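Subject: A structure for you to look at

Hi,

Here is the structure I promised to pass on. Have a look at it first, and then read my notes underneath.

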Amino acid sequence: MSDIAAVYDGSALLAYAHGQIAAAELISEINAEGRQVGVPAACLATALAALTDDWDVKQLMALLGTRTMVVLPLGTEQPTEDELRQVGELTRLAGGDLDVGHAVAAALTHRAYYVTANPKAAEVALPPTWPVLDLRPVRLVSDRFGLAVAPTAEPTPPETPPPDTEMPAHVEPMLATPGELPTEGDWGYEFKWDGVRAIAHVDGDLRLVGRNHTDLTATYPELDALRAMLAGRRAVLDGEIVALGRNGLPSFAALQQRIRGTPAGPIRFYLFDLLHLDGTDLTVLPYAERRDALQRLDITGDPVDTPPYWTGDAGPALLDAARELGLEGVIAKRLTSPYRPGRRSPTWVKVPLTNVTEVVVAGFKPGRRSIASLLVGKYDEQDRLVYVGQVSTGFTADALRDLRERFEALRGPRDPFDGPVPRQHARHAEWLRPVLVADVTFRSWTPDAKLRQPAWKGLRVDRTAAEVRLPS
Amino acid sequence: MTDPTLDEVLRAAGFEVTEAGRRRWRAELSRPIPAAALQDAKDLLARVRGRAA
């Protein structure tokens, strides 16, 4: 006898096939509880008809091959006229949608939760009190954690910034200092986004500038929408460009795909600071006031959004939320801090959940099919390139292919490191001109300044090798 | 009736299921379907059967 905890309608099956993590986590939990998921045959047919990618079909059918999933026919093995008519009537209630009609009949018959990514369609046929599990991705920038969003500033700002005559041609982004989450004093807390930092200059045209003056405007043409969102206002804004992955969360790997020019997930530009507005320099104002002015611009939606920030004792809860969502961490900013262009300031503290560092790729060891590992380094105070470790995990097939192509033009005859490379790592290595910069995650530093368990994260085309320094 | 192969199927499909994600659903599933909803369902099924008859 099956114990069906939940029934997946067609939209829920599609959510699974399209890689939505919530759809898989619910199935995993039901399996762990020793229960099963009902899949009405009409819903399965609807989902299969909508899938155009063979890989997605294959993954869905593999799921249905597990004992956790039970395909439910229209009625019993030999359905009676009553059973078929019942599904028919529920389909009529659902506006003629057989997928929903069959799923509602199955959920009510098995006393199971109704699981869907399209609750509106189901709610017209379900009894109003029936529990529905909604798989739609949660909008990240909403206040879904029950935390108090930072209050708006006082009606009259205590300080009036001086007007300036023209917008600056370039603003170096202010940088945060790594550290523990500060909880004493007046801090604002934001999520730390896993993307590319960009300053947007909007003055008729839009210009997006990354670190090292990299012009990013042509790379993200969809962000031109920001001009219309500002409705003719002139502004300089600070934010992070991210690409959303299959689970709807920012994914650095997806952003790398986009940078390489291959199709990737949707792009978003998350704004977190306002530096100039209509000829007025706001950098001298406290962070809380700049943030309030930014919120009042009301730039919300796609592809540019203004995520909230939190104050008071929200920091630890926000860090927990970041961990649960798989985000990079949290940034704490002193509410009183002015914007210091180009400065790494203790008034901004970044609290990463994973250690990430930049390295210079200086060599590699070929593997049977592609690259077995990368030999990476950093520059010391005397500008010597020092070996800090080898990276052999974390690559996607696309990343390896991209690296192989880039390496062709960078091969060099000799070891570019100025210090020793352990013999077992240098053996069979091929050397490169040390120009590529990459992010790697790692567990910790060893006492002799090597990375413990480094893993590939992605190339940093916005950084130059000379900037990659050993920690002091 | 736990299927030990499920995790492998999910991994092959590219999912990295997290305990935090599952915990969210565990909390939802632990809530029994309210008695009022069960009664509503019974009434609705009876009604559509009556309409179909």
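Below is what I found, going from the contact between the chains to a few odd spots in the backbone. One thing to keep in mind is that this is a predicted model.

**Where the chains meet**

Chain A puts 34 residues into the contact, and chain B puts in 32 residues. On the chain A side, α2 (21–32), α4 (54–64) and α5 (81–93) each give at least two residues. The largest share there is from α2(A), with nine residues. If you sort the chain A side by type, you get 14 nonpolar, eleven polar and nine charged residues.

Now zoom in on α2(A) and its partner, helix α2 of chain B (residues 19–29). Their axes come within 8 Å and cross at roughly 60°, and the crossing is right-handed. From α2(A), the residues that meet the other helix include Ile21(A), Glu25(A) and Leu26(A); among those on the α2(B) side are Arg22(B), Trp25(B) and Leu29(B). This helix-to-helix contact is made of five nonpolar, two polar and four charged residues.

**The sheet in chain A**

Next, find the open sheet of five parallel strands in chain A, in the order β3-β2-β1-β4-β5. Its edges are β3 (69–72) and β5 (132–134), each of which pairs on one side only. On average, neighbouring strands are turned by 30° against each other, ignoring direction.

Strand β2(A) (residues 36–40) is joined to β3(A) by four bridges; for example, Val37(A) has Met69(A) as its bridge partner. Helix α3(A) (residues 41–50) packs on this sheet, where it touches β1, β2 and β3 of chain A. The direction of α3(A) makes about 70° with that of β2(A).

**Odd spots in the backbone**

Most residues other than glycine have a negative phi, and most peptide bonds are trans. So what is the peptide bond from Asp302(A) to Pro303(A) like? That bond is cis, with omega near 0°. You'll find Pro303(A) in the loop between α10 (287–297) and β13 (304–305) of chain A.

Two residues that are not glycine have a positive phi: Ala231(A), near 50°, and His428(A), near 65°. Ala231(A) is in the loop between α8 (225–229) and β10 (235–243) of chain A, while His428(A) is in the loop between α13 (423–426) and β20 (430–442).

Are they buried or exposed? Ala231(A) counts as exposed because it has 9 other C-beta atoms within 10 Å, and the cut-off for exposed is 12 or fewer. His428(A) is exposed too, with 9 other C-beta atoms within 10 Å.

Cheers

Definitions and conventions:
Residues are numbered from 1 along each chain as its sequence is written. Chains are lettered from A and ligands numbered from 1 in the order in which they are written. This is a predicted model: local features need pLDDT of at least 70, side-chain atom pairs count only at pLDDT 80 or more; totals for chains, interfaces and linings use all residues. Two residues are in contact if their C-beta atoms, placed from the backbone, lie within 7 Å. Ala, Val, Leu, Ile, Met, Phe, Trp, Tyr, Cys and Pro count as nonpolar, Asp, Glu, Lys and Arg as charged, and the others, Gly among them, as polar. Axes are lines fitted to C-alpha atoms, for helices over the stretch in contact, and angles run from 0 to 180 degrees between N-to-C directions. A crossing is left-handed if the near helix is turned anticlockwise from the far one by less than a right angle, and right-handed if clockwise. Two strands pair if DSSP finds at least two bridges between them. A residue is buried if 20 or more other C-beta atoms lie within 10 Å of its own, exposed if 12 or fewer, and partly exposed in between; C-beta atoms are placed from the backbone.
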